[in-house]
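Here are a few notes to help you find your way around this one. Have a look at the picture first, then read the points in order.

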Amino acid sequence: TLVNQDDFNSAIVHIKGMLDAAKRYMKDAVSRQSQRLILEYNVDMAKKQAVELKDELKLKKKLLSQSDRNDTLYKIMIVIIIVAGTLAATFFFREKKNSRRMKKAAMTDALTSLPNRRAILDEAEKCAKSCSDLKPWVIAVLDIDHFKKINDTYGHDIGDEVLIHFTSIIKGAVRASDIVARTGGEEFLVL
């Protein structure tokens, strides 16, 4: 059937609005979760550093009493600076690695390794912004009918295998430039 251009444009505007709202919501949720995880990590690291520094300080005090105070104090200061620099560098690189890992986890479906809803919404927004000349693009929503019956009859492990197999079928059927995402339960989206 033919679709009225105004209906199509209205649908695009409506989808863009929905994508913007969903992205804002997901971005805020990820931001709050990331901030909480970073704070917890920083507190744990500070506690560990405090214990290490306390132990190190006890050792340094014994050394001070056994040798020349000025010489030992100078050496302790150098060691503390090196340790603090090493700890700071270690903390920085761990934080950077954790940040990348958290971002990937937040954008990937754990079962199928496909992009998740957040990732596909980001891609759809990028596509919508880059389609300034109204170059055609397609959004396909796929849903496995009666999937609940599979889970109820054969169990969730078999249901997971069905989802993984269905994922491989979809990926084999689309072009390399197409993006396939799992947006929920048995729902998939191809962009």
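1. A quick definition before we start: two strands count as a pair if DSSP finds at least two bridges between them. Keep in mind, too, that you're looking at a predicted model.

2. Now to strand 2 and strand 3. Strand 3 covers residues 187-190, and it pairs with strand 2 in the antiparallel sense over four bridges. If you want a spot to zoom in on, Gly184 sits opposite Glu187 of strand 3.

3. Zooming out, how many strands form the sheet? Three, in an open sheet with the order 1-3-2 and antiparallel pairing. Strand 1 (140-143) and strand 2 (180-184) are at the edges; each has a single partner strand, so one side of each has no neighbour in the sheet. On average, neighbouring strands here are turned by 30 degrees against each other, direction ignored.

4. Which strands does helix 3 touch? Helix 3, residues 117-130, packs on the sheet against strand 2 and strand 3, and its direction makes about 125 degrees with that of strand 2. Helix 5 (residues 156-173) packs on the sheet as well, touching strand 1, strand 2 and strand 3. The direction of helix 5 makes about 15 degrees with that of strand 3.

5. One residue to check in helix 3 is Glu125. Is Glu125 buried or exposed? Buried means under 20% relative accessible area, and Glu125 has 13% relative accessibility, so it counts as buried. Leaving aside residues up to four places away in sequence, Glu125 touches Leu19, Asp20 and Lys23.

Note on methods
Residues numbered from 1 in each chain as written. Predicted model: local features only at pLDDT ≥ 70, side-chain atom pairs only at ≥ 80, totals over all residues. Heavy atoms only, no water. Helix = DSSP H or I, 4+ residues; strand = E, 2+ residues; numbered from the N terminus. Axes fitted to C-alpha atoms, helices over the stretch in contact; angles between N-to-C directions. Contact = heavy atoms within 4.5 Å. Buried < 20%, exposed > 50% of the residue type's maximum accessible area, 1.4 Å probe, protein only.
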